[in-house]
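Thank you for making the time this morning. I would like to walk you through one structure, and I will put it on the screen before I say anything about it.

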Amino acid sequence: MIIATLGLSSSCSEDFLDEKLTTGYNPGYLKTEEGIQALSVGTYYQVFALDMNREVPLTANESGTDEFHVGGDPSNGLWNSYASGFGSFVTVSNSNTVAANTNWDNLYIGIGNANQLIESATAIVSTNDAIKKIALGEGYFMRAYNYLKLVRQYGGVPLNLKTSNVVQLEFTRASVEDVLKQIIADFTQAYSLLSNTGGPNKITKDAAAHYLAKAYLTRASEINDAWNSATKSADLQQVVTLSDEVISRHALAPNYVNLWDFKAADGANEKLSELILSADFNSNQLTTGGNQQHLYFLSTYDQLPQMIRNTAGGRPFSRLAPTYFTYDIYDKVNDSRFWKSFQTKSIVNNRASGSIYVNGDLGIMYIMNSPSDTRFAKTRNDGTIVYAKTGKVIPSVFVAYAADNFGLMKDVRFPSLSKYMDGSRLDFNATKGSRDVILARSAETYLMAAEAKIRLAKLGTGSYSDALSYINTVRNRGAYKAGEDRAAYTDGSAAWTTAVQGGRASSFIAENSYYESNNITTPITTATNLTIASISALPAADLAVITKLGYSSDYDRMLCLVLNERTRELCGEFHRWEDLSRTKTLIARAKAYNPDASPNIKDFHNIRPIPQTFLDGIYTNGRPLTAAEKQAMQNPNY
Amino acid sequence: MKHSFLKYLVFFSIMLTTMTALAQTNTITGIIKDNTGMPIPGANVLIKNTTNGVQTDFDGKFAIKAKPEDVLVVSFIGMKTTEIKVNNQKSINVKLEEEGAKLEEVVVVGYGTRKKKDLTGSIVSVGAKEIESRPVQNAVQAMQGKAAGVDIGSNERPGTVGNINIRGSRSIAAFNSPLYVVDGIPLNSRASTDSDGKVSQVGGSIDFINPSDIESIDVLKDASATAIYGSRGANGVIIVTTKKGKNGKFTINYDTAVTTEKIHEFAPLMNAGEYIELRRWARYYSNPAAFAPGNAPTIANDRTIFLDTADPAAWANIEKGWATGTWDGSKVSTTDWTKFVTQTGVTQQHTLSVSGGSEKMKAYGSFGYLENTGTLKGQGFKRYNGAVNIDITPTKWFSMGANLNTSYAVNEYGLSNAGRSAVASSDGIYVTARQNLPYAVPLDANGQRIQNPGGDSTIRNVYEEYKYSQDQRVTLRAFGSFYGQLDFGGFSSKLDGLKYRVNFGPDITSYRNGAFLNGLSSARSGTSFALLAKNQTISYTLDNLILYNKTIGKHDFGVTLLQSKTQYSNEENSMQAENIKNVENKWNALTKENVTLNGYSSNITETGLFSYMGRLTYGYDDKYLLTASLRYDSASQLAKINRRDQFTSASLAWRIDKEDFLQNISWLNALKLRAGYGVTGNAAVPAYETQPPLGQVLYSTSAGVLTNLKLPNSELGWEKTTQYNYGVDFGVFNNRISGSLEYYTSKTKDLLLLRSIPTVTGFDKTLANIGKTEGNGVELTLNTINVKTTDFEWSSSLSASWQKSRIVELQNGKQDDILNNRFIGYSPGIIYGFESNGIWRPEDAEEMAKFNAAAGSTIFVFGNARPVDQNGDYKIDANNDRVVLGSTEPKFITGLTNTFNYKNIELSIFIYGRMGYLYDVGGENLSGKTSQRQVDYYTDINTDAEYQRPFYSAGTGDIYNPTLGYKNGSFLKIRNISLGYNFEQDLVEKLGLSRLRIYLQAANPGMIFSKVKWVDLDTRTTYSNRGFTLGLNVQF
């Protein structure tokens, strides 16, 4: 019976072989309005959020500059040192090493999705503004955003503006000029299609204006001086016009610390008017990826006596430590920004039994003094310096300038850049962070306008002092307000609300070493003024840099000022390498301030090597490139 | 075993057509026995030159009427035919000698069986006796080294199966695992792609079968044999036949074995003193300004180097070396961290089986139990097997059978990788233990477990780790094979040989993975983690077969027609959470009250296969044999337009030994020439590849989609391999020497190739039918009886293969594809990179200076690894200095078993080796951050070293150190030695038993030679299990 049934039930129809994918979307979804909007969301992720999950932002834009050097863990040390393992391959140190092609690949995959978004939104028969204007505008923006990164990192790159249906292998590099032309065209499209709603987590008209200004400024910068004379003046005028427009709608936050006062995901500091565009993260553990930037700028506080790793203190990957350029470029008495960007104190959270300490006593202090300070014999002071408030000696004190001249760059302890600290993580080793990452804010727009004014002055339009009003607005926001407590400190660690997690107390203290560092004993509550009154009265810290780098012309001095101001305002916000490369100041500044890079960096390091994987994968005339052809397509000297 | 199976088969076929013997003058009686003294039922006793004959009964007895002048011809398949003159004897007992060698065996060929002598394709067999001879946990292990051209790796983890590869690898992207067929039903599997795009097979293996339940394993190697399985035959076919009930007396068998194993380490680590010196040198070379050289230590330096305050307990140990004020490394005690995670593994196996039957019904049943406590604490494996098999033949024209194999396995996997935080090693607890620092200690002065011994936050304490982590995998599998058969010969003799058969094979697997990591686990950092994943697979195969066999004179015909349908469905779901409040809950209470899930998913994969097949066999006079087949397969995972394809095969054999002109050559017992041709396919790509779904992300609060990273290919078709096989089977000198020699060539085209493409396209990979590979090989199977006396026999069995494969064409013709590491003319597995020229030594100063001058900066110092500058421009660059360094595929694979029998004692030694390939052992970091195996490293006072100078780093240290890790991977290993004893039959019978055997085995006793001394090149780890087994086979 059974057999007979089985025999008969075996039909000859092959219909059961037709595949039905029921667990995912097939590409037909992109022909619907819903699908196009979902693709826009996906492309946001790819373009803005994916990189924040790993070390691409810091290797592309902070390592190997005047601001940072390797902080103890050299997993990505080659991106800082430019040593012989840095080239079309970056020699892999460990699984965290960012390959030569990682950034390149991520950017082009993002462009592929943006191309698809533009094509789908163009193709669909719809009059829905959400598709025809917003999604399309977002598509143009994100394509240009990635090409701008590509051209600033690699120079001329292949331009691919269509989605591929077949395997394409023949690519050549477009000129920098053509790539920038395309970027400007795309940002212009986005600018005209988008409106100003939804920022900073949605791409707005102002975001398009900000980046369009950035593209113009890039075209008008030194790295393109060989061919940009025809467009330079108009481009710079555009930078000023666009910047003014953006600034008018994005007032600076009243206090610099407002930007970093992270208490919880999607809190007030992530909605400030100053913010133009941010990569969006939140506390949902189920989101794809996560912000891991909180890992990389931290010093290994947890290996010091009386200390243990904890959620507020963070998980110190110790990739990047500030250089003395960064320490010294701030006026540490009058400029609050240093004290709001770096953590200088931590409290004991793992008292050793039998010791004099209780959890909560001051455990680590960094004295960020000036070179003229002669108070200290040693850089590292273990249990010898007394904390005035408790009368106990502090287990670990590190001094920036001490008679032993050892300094903070030879060992692995340094004040940690605290802009990404995230005490809202699940536990002390959790890597998934929930803070937004600021991609653009109007303080940068001010400084772009200032730079454009300086460049225009050089071309004979206006004067160098035209830049000062922009710069001073930014500087004075960073000055101390009347009545402000200069020892007060906060960062994202404060988002940690649980008293004890995983059995571990917090090492966070809402206090900095302002008074100890500046050797001021009586608290001051007066306001400070950081105004630069004239181009002939630049701040002492800037003059020191100008002298060290040997600048004398007004233009060089003013450009130097802007670049220094960018550090003071934007330190660690992933702009630095491209700013230095663009202005062709990278080599001089890295040589002067980055001891790891100094022996290796050469002129050709102004642009990155084209990844070997690209050169190995492409064809010409139906065949792969020869070694000579690859070498010819590679940037010089790599 | 095989012979007795044959005896019964022949016995019954003859019984059915039995004829009554004609009356004769005298009745002669007797017993026919084999050379072991066992009676032979169903042997033929014939009076010469007549048709008068009888068969022996169950006890080997016969009675025949014969005249004194008659000659009795006693024959039985597989035995030498013997003639005896009757004379005046009333009683004639005959002992038949085996016809020697293995040429008379029955071999399963797919949808049927053939006598080995009639085979036209390349097939090797492993029988139950060989499987029993050494205890194995799974049937794959049993085949190790038994079959030429079949390379089976070792896997040390309890409950898992080694990798298996038949005749090398042809496919590059699709997987190369063979197809398993159990009792006629092909096992279904699913292709799965990992994050690197590597395709692997999920399911479809035979690890669930109790090896004691296996009657035989037949490996179909060449395409003329495997083409019968069409699209799934490209990587060879392994056919497993489980034990069936046998006609006659019911027997009870009990097999048991106990194994003890310990981890043997090939790469000893530096002791505390040695390691401390290494780290000092490493710190010195990375920062000579701040640290003293390794041979001039200072205590102040040591405090910084060894993180005195981060782990006071470890520092206290180091301080012992400074007790006198002068450094004495021998005063520092060394912690052996591996002892905290290892134990003596004990395995016990028990199988109880019952077998027997009558003419109308035969049955076999068994129950098996295996329990293993791993050599690593926290690992273990338990498996319960139940098998039952019934064949019923109620009438002449109908028979049916049911075969059910069930297993329930609990695998304790030890430290879970799911939920692992980035600081812990992904290579498991043993490797994590080895990374711990020799001078650090597990517990502090108060007896508390130190989280990061030595104070380095990337090194985790493994002390009592087994208490804090569990990864339990439970598999319940039920596999059935049912058939019904109509024998039309039962209706009418005109239809003799015509049969219709239905096979139905359901296969159901339920899998559950539960993992729990306590917050104290070395893989975690304070919060706990739980995972629950379930997976259910249901598949079936339904075959309709028409079989026809006919003999007309000297012509033998056979026809097989098949229609087959297969459906496969896999459903999976999982959920995971952190911060499990009550550790007792483990993964069992992931409820909304207890946890917030941080991941969950469900998924379904469905595939189908639909086939037609026809096969013709023809034989003339037992001399000329022909097999031809044609199969059509349609697979769901290929593009609709390309999913159907045809696979043909043809093979010929010529039994030269049957030719008249060879009849007088007495030393030649068997000689057969074979030639075959076949086309097989491979569609081992994951489902839905022709239209990969959009990627999905959850960004902020919205669900988003992304184009798939793989460029869709809507024309994906079959990867096809055409193979030619030439073989000769021989037996000479009374079959003292027998074996076969084969040569094959294979060409694969339309390779299913996953290739990286320039990301400028917006995609990073695509799967396509492009390119060609070629392979060829020689395989030799040789069985020799070297010495044979009454009590002693020494026999050898050698399987050796030589193989070579190369890429002929890639996506754009004969163009290398550097991006994907594929080179024309080279095998698909190669190492491409910088060649090693040792390390830079002071005597190379002049040459080294030229490199530094060309670079304009110091790129090399003494003690650095030295790559070869291929084009001599004094620059090391990727475009000009990378070369193909060698193939990672072994050229030679060999297995040799020597067996010595003395009376009832049997000693067997099994040797296995792979030779002629390059293996990437990995360079030595020498970064002095985690523990270090003992190596000869460069320092200012040891310039003639093997490895580069140490350089303290969290990463690689010297950038060219990997060049020092490419080594010749050749080895020859004794995989096991076993000693068996068969108790004397008299004693056994006194005990009320019919057979009793005891054996002792040593597993992995040692290497005969190994090109890399500190790695077990067989398991490719620095350690492997060594142990002893004591076993017993009892038959009642």
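I will begin with the place where the two chains meet, then turn to chain B, and finish with the salt bridges. Please keep in mind throughout that this is a predicted model, and that every value I quote is computed from it.

Let us start at the interface, where chain B and chain A bury about 7700 Å² between them, with 59% of that area on carbon and sulfur atoms. On the chain B side, the residues that lose the most area to chain A are Tyr699(B), Val760(B) and Asn879(B), which together make up 10% of what that side buries. If we count by contact instead, 98 residues of chain B and 97 residues of chain A take part.

As for the polar side of this interface, there are 19 residue pairs in polar contact across it, counting pairs in which both residues have pLDDT 80 or more, and strand 28 of chain B, residues 597-620, supplies the largest share of the chain B side that touches chain A, namely 10 residues. Three salt bridges are found between chain B and chain A, and among those between the chains is the one in which the side chains of Arg882(B) and Asp616(A) meet, at 3.1 Å from N to O.

Now to chain B itself, and to an open sheet of three strands with the order 4-1-7 and mixed pairing. Which strands stand at its edges? They are strand 4, residues 61-66, and strand 7, residues 94-96, and because each has a single partner strand, one side of each is left without a neighbour in the sheet. From one strand to the next, the twist averages 35°. Strand 1, residues 26-34, runs antiparallel to strand 4 and is joined to it by six bridges, with Asn26(B) standing opposite Ala66(B) of strand 4.

A second set of strands in chain B is worth following, and it centres on strand 38, residues 765-769. Four of the five residues of strand 38 are buried, so this strand is largely enclosed by the rest of the structure. Strand 34, residues 710-711, runs parallel to strand 38 and is joined to it by two bridges, one partner pair being Leu711(B) and Thr766(B). Strand 37, residues 752-756, pairs with strand 38 in the antiparallel sense over five bridges, and here Leu752(B) is found opposite Asn769(B).

Let me pause on a single residue of chain B, Thr120(B), which lies in the loop between strand 9, residues 113-115, and strand 10, residues 123-127. Is Thr120(B) buried or exposed? Its relative accessible area is 5%, and because the cut-off for buried is under 20%, Thr120(B) counts as buried. What does its side chain meet there? The side chain of Thr120(B) makes a polar contact of 2.9 Å with that of Thr627(B), and another of 2.7 Å with that of Ser651(B). Beyond its neighbours within four places in sequence, Thr120(B) is also in contact with residues including Arg114(B), Leu625(B), Leu652(B) and Arg674(B).

That brings me to the salt bridges, of which the structure holds 85 over all chains. In chain A, Arg441(A) forms one with Glu274(A), the closest N and O atoms being 2.8 Å apart. This pair links distant parts of the chain, 167 residues apart, with Arg441(A) in strand 10 and Glu274(A) in the loop between helix 9 and strand 2 of chain A. Both ends are buried, Arg441(A) at 1% relative accessibility and Glu274(A) at 0%.

Also in chain A, the side chains of Lys392(A) and Asp361(A) meet in a salt bridge at 2.4 Å, N to O, and these two residues are 31 residues apart. Here Lys392(A) is partly exposed, with a relative accessible area of 22%, whereas Asp361(A) counts as buried at 7%.

The last example is in chain B, where Glu465(B) forms a salt bridge with Arg449(B), the closest N and O atoms being 3.5 Å apart. Glu465(B) and Arg449(B) sit in the loop between helix 8 and strand 24 of chain B, 16 residues apart, and Glu465(B) is buried, with a relative accessible area of 2%.

Definitions and conventions. Residues are numbered from 1 along each chain as its sequence is written. Chains are lettered from A and ligands numbered from 1 in the order in which they are written. This is a predicted model: local features need pLDDT of at least 70, side-chain atom pairs count only at pLDDT 80 or more; totals for chains, interfaces and linings use all residues. Side-chain values use heavy atoms; hydrogens and water are left out. Two strands pair if DSSP finds at least two bridges between them. Axes are lines fitted to C-alpha atoms, for helices over the stretch in contact, and angles run from 0 to 180 degrees between N-to-C directions. Buried means under 20% relative accessible area, exposed over 50%, partly exposed in between (1.4 Å probe, protein chains only). A polar contact is a pair of N or O atoms within 3.5 Å; within protein, one must be able to donate a hydrogen and the other to accept it, and residues adjacent in sequence count only if both atoms are side-chain atoms. Contact means heavy atoms within 4.5 Å. Buried area is the accessible area (1.4 Å probe) that two parts lose on being put together, summed over both. A salt bridge is a side-chain nitrogen of Lys or Arg within 4 Å of a carboxyl oxygen of Asp or Glu.
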